[in-house]
Amino acid sequence: MTDRPILMFDSGIGGLTVLREARVLMPDRRFVYVADDAAFPYGNWEEPALKQRILGLFAELLERFKPELSVIPCNTASTLVIEAIRERFPGHPFVGTVPAIKPAAERTRSGLVSVLATPGTVKRQYTRDLITQWASKCHVRLVGSQKLAALAETYMREGFVDEQAVAEEIAPCFVEQDGRRTDIVVLACTHYPFLVNRMRKTAPWPVDWIDPAEAIARRALSLLDGSQAARTVEPDLAVFTSGRADFATRRLMQGFGLTV
């Protein structure tokens, strides 16, 4: 029996999409959700500084919460630090998140795939290596959105989003080429599934939107050692690196069963 939690780390609230799926698969587990809101958005950071920040935060988080497993739903963070963080903490299991390019390449019929991500994920060599490895026979368009993550944060806290702004951010994903059209869009940021209904509404034609949240949760489950979770009165926690959470954020976290 173990009462050690599963830790989830994201730049903001995007990882809640993965937490939602993880709870379905692991209902007896305790979760600690860490939002690095003090550094949001990660896309504004230089890579060396961001890598150093995340490694430093994990040194503190692993010591404080002693999790059984850590999940990094954030594509921007994972594609930057997943290899370094496994080297730094070799005795601790990590689940990273990378753009779902392989399943997109397997599923597309037109051969036209778009990856909708943050600018940081788009420019990462890690992402281009995934395309070379899994989607060399497809035409893959990388679309780096400057605004969608922030739009998702606002939507989840306030319940409103500018649909025209969403339409403008996703527009570059839609490609027509030799009578073919984009038929798959990979949501390569965990914030984006919160807006997928608005994306469907404003898209110029229907596509398959790939949300990796369930796959990430299944990977996390597969890495647990099989021990049952001990019954505990400790609540699931939400931790903000800024040390602050306004009323709307607290209400959102409570809606996901988290105590701030």
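**Figure 1. Four strands form an open sheet in the order β6-β5-β9-β10, with parallel pairing.** This is a predicted model, and so are all the close-ups that follow. At the edges of the sheet stand β6 and β10 (208-210); each has a single partner strand, so one side of each is left without a neighbour in the sheet. Going from one strand to the next, the twist averages 20°.

**Figure 2. Strand β5 (residues 112-117) is mostly covered, with 6 of its 6 residues buried.** Follow the side chains along this strand and you will see two sets. L112, S114 and L116 point one way from β5, while V113, V115 and A117 point the other way, and all are buried. On one pairing, β5 and strand β6 (residues 139-144) run in the parallel sense over 6 bridges. Two landmarks help you find this pairing: V113 stands opposite V140 in β6, and L116 has V143 of β6 as its bridge partner. β5 also runs parallel to strand β9 (residues 184-187), joined to it by 4 bridges. Here the landmark is V115, which stands opposite V186 in β9.

**Figure 3. V186 is a buried residue of strand β9, with a relative accessible area of 0%.** How far apart in space are the C-alpha atoms of V186 and W209? They are 5.9 Å apart, although the two residues are separated by 23 residues in sequence. Leaving out residues up to four places away in sequence, V186 touches P99, A100, A104, V113, S114, V115, L116 and I210. Among these contacts, V113, S114, V115 and L116 belong to the β5 stretch, residues 112-117.

**Figure 4. Strand β2 (residues 31-35) is mostly covered, and 5 of its 5 residues are buried.** As you trace this strand, F31, Y33 and A35 point one way from β2, and V32 and V34 the other way; all are buried. Strand β1 (residues 6-10) pairs with β2 in the parallel sense over 5 bridges, and L7 stands opposite V32 in β2. To get from β1 to β2, the chain passes through helix α1 (residues 16-25), making a right-handed β-α-β crossover. β2 also pairs with strand β11 (residues 237-240), again in the parallel sense, over 4 bridges. V32 is a handy residue to look for in this view: it stands opposite L237 in β11 as well as opposite L7.

**Figure 5. R124 sits in the loop between α5 (119-123) and α6 (125-134).** Is this arginine, R124, buried or exposed? R124 is buried, with a relative accessible area of 6%. Two backbone oxygens are worth finding around its side chain. That of T76 lies 3.0 Å from a polar atom of the R124 side chain, and the side chain also reaches the backbone oxygen of G120, at 3.2 Å. Apart from neighbours within four places in sequence, R124 is in contact with E47, T76, T79 and L80. T76 therefore appears twice in this close-up, as a contact of R124 and as the residue whose backbone oxygen lies 3.0 Å from the arginine side chain.

**Figure 6. F89 is found in the loop between α3 (75-88) and β4 (94-95).** F89 is buried, with a relative accessible area of 16%. Which residues surround this phenylalanine, F89, once neighbours within four places in sequence are left aside? F89 is in contact with L55, F58, A59, L62 and F94. One of these, L62, is 27 residues from F89 in sequence, and the two C-alpha atoms are 9.3 Å apart in space.

**Figure 7. C74 and C189 are not joined by a disulfide.** A disulfide is a covalent bond between the sulfur atoms of two cysteines. A search of the whole structure finds 0 of them. Why is C74 without such a bond? The closest cysteine sulfur, in C189, is 6.5 Å from the sulfur of C74, which is too far for a bond; the cut-off used here is 2.5 Å. Seen from the other partner, C189 is in no disulfide either, and its nearest cysteine sulfur is that of C74. C74 counts as buried at 6% relative accessibility, and C189 counts as buried at 9%.

Key
Residues numbered from 1 in each chain as written. Predicted model: local features only at pLDDT ≥ 70, side-chain atom pairs only at ≥ 80, totals over all residues. Heavy atoms only, no water. Buried < 20%, exposed > 50% of the residue type's maximum accessible area, 1.4 Å probe, protein only. Pairing = 2+ DSSP bridges. Right-handed = clockwise from strand over helix to strand, strands pointing away. Axes fitted to C-alpha atoms, helices over the stretch in contact; angles between N-to-C directions. Polar contact = N/O pair within 3.5 Å; in protein donor to acceptor, adjacent residues only side chain to side chain. Contact = heavy atoms within 4.5 Å.
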